[in-house]
Amino acid sequence: MTPEDLAILHALAFTRQRPWTAEEFTSLLDSPHVFLCIGPHSFALGRAVAGEAELLTLATDPAHQRKGLGRARLTDFLNQATHMGATEAFLEVDQRNDTAVALYKHAGFTIIATRPAYYTLRDGTRADALVMVRPLPA
């Protein structure tokens, strides 16, 4: 998947938040600590450094949601983060995204904090993020 493909899929999946641009994906992918997990109609972008992993974004084409693709990419992210030596995984998620929150809780993440006005929405307003964490196997 090219950065342009990632941006297109991200825009399809993120209808409330401002989607990321191809340039933003290019910049992230240029980092030696960032990794991409690609699957059919979905991807996860993560970063692992100093024993911590962060799920930067997870996107599934809306036409292919509810088929386990998001769960599969999350599993790929967790496996790759573990392989890169991370012992904990973190993420932020829009507190109103009930589907994503449920996915992350099912995968063993717990809420540890809230980041007020973290996300910029397409209409220019702001939304709070939940910060979630889970341990990774040694």
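Start with the largest nonpolar core (buried Ala, Val, Leu, Ile, Met, Phe, Trp, Tyr and Cys residues joined through side-chain atoms within 4.5 Å; buried means under 20% relative accessible area with a 1.4 Å probe, protein chains only). Select Leu-55, Leu-74, Phe-77, Val-93, Tyr-104 and Phe-109: of its 23 residues, these touch the most other members. S1, S2, S3, H3, S4, H4 and S6 each give two or more residues to this core; helices (H or I, at least four residues) and strands (E, at least two) are DSSP runs numbered from the N terminus.

The model is predicted; local features need pLDDT of at least 70 and side-chain atom pairs pLDDT 80 or more, while totals for chains, interfaces and linings use all residues. Residues are numbered from 1 along each chain as its sequence is written, and side-chain values use heavy atoms, without hydrogens and water.

Centre on Leu-74 next. Neighbours within four places in sequence aside, Leu-74 contacts (heavy atoms within 4.5 Å) Leu-55, Leu-58, Leu-103, Tyr-104, Ala-107 and Phe-109. Apart from the largest core lies another, of 11 residues, including Ala-22, Leu-45, Leu-56 and Ala-59.

Now show the strands. Six of them form an open, mixed sheet ordered S1-S2-S3-S4-S6-S5, where pairing requires at least two DSSP bridges between two strands. S1 (34–39) and S5 (110–120) are at the edges with a single partner strand each, so one side of each has no neighbour in the sheet.

Select S5 with S6 (residues 126–135): the two run antiparallel, joined by 7 bridges. Ala-113 has Val-131 in S6 as its bridge partner.

Finally, add helix H3 (residues 69–83), which packs on the sheet and touches S1, S2 (42–49), S3 (52–60), S4 (88–94) and S6.

Technical notes
Axes are lines fitted to C-alpha atoms, for helices over the stretch in contact, and angles run from 0 to 180 degrees between N-to-C directions. Buried means under 20% relative accessible area, exposed over 50%, partly exposed in between (1.4 Å probe, protein chains only).
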